[in-house]
Amino acid sequence: MSVVDEEQEKEVARAAAALSGATRVAVLTGAGISAESGIPTFRASDGLWEGHRIEDVATPRGYRRNPGLVWKFYNARRANVATVKPNPAHEALVRLEKHFAPGFTLITQNVDGLHRTAGSRNVLELHGNLARTRCTGCQEIRNRGLEPLGDDPRCLTCGEALRPDIVWFEEQLPPHVWDKAVDAAMACDLLLVVGTSAVVFPAAGLIPLAQESKTPPATIIECNLTQTNASGLADIGLYGRAGELLPRVLKHMGV
Ligand code: NAD
Ligand code: ZN
């Protein structure tokens, strides 16, 4: 075993021990957990998201300026998600939930729905879901699956324009979902942070919240390809692919 492998194996064992000693577990996931399923993450080095400027496709202003472009972008995201499957990292979190339930909450920034597809049940989707539309007139929310909806989809109830039921930059998170996430972060004795760059707020604020809101502070485990903004807060660091590392942690726990 190389020095790097030995270091990683030690952290896997520490993570397994910390989890085994926990009773209330919260997990915060980001785009990285779906990367091994074939969904591109967000912070490409060129600052673009699938070739588009963020402000053009993921802000209310971008939608007002050019709703057709925004729908083209989201129809492509929907089509991509329709072709992919959950990976071993999603599946490991399903097994963790079975082990810790009811003391288990999965908080995700992802909009791809893969946690539920994998079988996770107590899932808080902070940023919405690609399968849902929201009417700009009557505000009705519907699940429309992942079929393409065209460049100008209309509300089936009132005929007004639809938008994706996604939380864009500059928008508020749905309060009932956010409040539950805050409760879970404050109550957990262990927070596992997987595949997020921890730069999108308020989601990233759940990490210090978990740590600061009680004595002793919650143990923070980070699982990511690289160090992030949150690494300074992490007690245990699993650096590598989530789809490889999380199943190894569970194996160590005997779960
Ligand atoms: P991000 O793209 O900013 O960061 C992804 C993180 O995942 C990075 O830190 C990267 O190092 C890590 N990563 C990549 N591959 C990994 C792997 N195999 N194992 C472990 N870690 C890995 O993602 P974010 O922090 O979630 O912020 C992006 C925003 O964009 C979110 O608000 C989200 O709603 C949205 N988004 C969602 C999806 C999705 O639903 N799958 C995809 C792209 C963007
Ligand atoms: Zn309507």
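Which residue has a backbone N or O atom that lies 2.8 Å from an oxygen atom of ligand 1, F42 or S197? The residue is F42, whose backbone supplies the N or O atom at this distance. The legends below describe close-up views of a predicted model.

**View 1. Ligand 1 and the residues around it.** Ligand 1 is surrounded by 28 residues, of which E36, Q109, T196, S197 and N224 come nearest. S197 places a polar side-chain atom 2.5 Å from an oxygen atom of the ligand. The backbone also takes part: an N or O atom of the A31 backbone lies 2.8 Å from an oxygen atom of ligand 1, and a backbone N or O atom of F42 lies 2.8 Å from an oxygen atom of the ligand. Ligand 1 exposes 850 Å² when taken alone, and the protein buries 92% of that area.

**View 2. The zinc ion (ligand 2) and its cysteine donors.** The zinc ion (ligand 2) is coordinated at 2.3 Å by the SG atoms of C135, C138, C155 and C158. Along the chain, these donors follow the spacing C-x2-C-x16-C-x2-C. The arrangement is tetrahedral because the four donor atoms subtend angles of 97 to 118° around the zinc ion (ligand 2), and the criterion requires all angles to lie between 85 and 135 degrees.

**View 3. Two of the zinc donors, C155 and C158.** Both residues coordinate the zinc ion (ligand 2) through SG. C155 has a relative accessibility of 6% and therefore counts as buried, the limit for this class being under 20%. C158, at 38% relative accessibility, counts as partly exposed.

**View 4. R77 in helix 4.** R77 belongs to helix 4, which comprises residues 67-82. Its relative accessibility is 13%, so R77 counts as buried. When neighbours within four places in sequence are left aside, R77 is in contact with E50 and L130.

**View 5. E9 in helix 1.** E9 is part of helix 1, which comprises residues 3-20. With a relative accessibility of 26%, E9 counts as partly exposed. Residues up to four places away in sequence not being counted, E9 touches M1, R248 and H252.

**View 6. E9 and A234 shown together.** These two residues, E9 and A234, are 225 residues apart in sequence. In space, the C-alpha atoms of E9 and A234 are 17 Å apart.

Note on methods:
Residues numbered from 1 in each chain as written. Chains lettered and ligands numbered in written order. Predicted model: local features only at pLDDT ≥ 70, side-chain atom pairs only at ≥ 80, totals over all residues. Heavy atoms only, no water. Helix = DSSP H or I, 4+ residues; strand = E, 2+ residues; numbered from the N terminus. Buried < 20%, exposed > 50% of the residue type's maximum accessible area, 1.4 Å probe, protein only. Contact = heavy atoms within 4.5 Å. Donors = N, O, S within 2.8 Å, 3.2 Å for Na, K, Ca; no water. Tetrahedral: all angles 85-135°; square planar, octahedral: opposite > 155°, others 65-115°. Near = heavy atom within 4 Å. Polar contact = N/O pair within 3.5 Å; in protein donor to acceptor, adjacent residues only side chain to side chain. Areas by Shrake-Rupley, 256 points an atom, 1.4 Å probe, with all protein chains shown as cover.
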